[in-house]
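Dear colleague,

I am passing on a structure that I would like you to look over when you have the time. My notes on what was found in it follow below the display.

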Amino acid sequence: ATDSLGGLAINAVIRENFLNDEGLFELDPSMFFPSSGGAAGATIMDTHDMLTETTMTMKSIKLAGLDSFVEMDVLNPIGKHTLGNSLKMQYLWVEIEMEAEMKAS
């Protein structure tokens, strides 16, 4: 089955239910790294030594291309108790925005 743009129908389902107006899927980094001190984003490193205090924070995670499937071959029996799956996409793009702050101790 194809969608209105000539791609696979799954692309339309993903586009309509999971992507924003720019065609991106945005993840909240705090899902993966608990935030500390109420800071915006997710703190992935917070160190303090004799010279510096360093904090690295993940601000955002964006995925593009989740609606670019060109081939899906799922649940294909390849053995007595084995199923094979094959998925092909035109592209998959990941953008991670991070902030690094380093200051003297």
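**The nonpolar patch and two buried residues**

Two strands, β2 (42-48) and β6 (93-104), each supply at least two residues of a nonpolar patch, and I should say at once that the model is a predicted one. The patch lies on the surface, covers about 810 Å², and is made by M31, F32, F33, I44, M45, L92, V94, I96 and M98. Of the contributing elements, β6 gives the largest share, namely 3 residues.

I44, one of the residues that make the patch, has its place in strand β2. Because its relative accessibility is 32%, I44 counts as partly exposed, and it therefore passes the threshold of over 30% relative accessible area that is asked of patch residues.

Strand β3 (residues 52-64) is where S60 is placed, and T54 lies in strand β3 too. S60 has a relative accessible area of 11% and is therefore buried, while T54, with a relative accessible area of 9%, is likewise buried, since the limit for that class is under 20%.

As for what surrounds them, S60 touches P29, E95, I96 and E97 once residues up to four places away in sequence are not counted, and of these I96 is also named among the residues of the nonpolar patch. T54, leaving aside its neighbours within four places in sequence, is in contact with M45, D46, T47, E101 and M102, and here M45 is the residue that also belongs to the patch.

With best regards

Conventions. Residues numbered from 1 in each chain as written. Predicted model: local features only at pLDDT ≥ 70, side-chain atom pairs only at ≥ 80, totals over all residues. Heavy atoms only, no water. Patch = residues over 30% accessible without salt bridge, like charges linked within 9 Å, V, L, I, M, F, W, Y side chains within 5 Å. Areas by Shrake-Rupley, 256 points an atom, 1.4 Å probe, with all protein chains shown as cover. Salt bridge = Lys/Arg side-chain N within 4 Å of Asp/Glu carboxyl O. Helix = DSSP H or I, 4+ residues; strand = E, 2+ residues; numbered from the N terminus. Buried < 20%, exposed > 50% of the residue type's maximum accessible area, 1.4 Å probe, protein only. Contact = heavy atoms within 4.5 Å.
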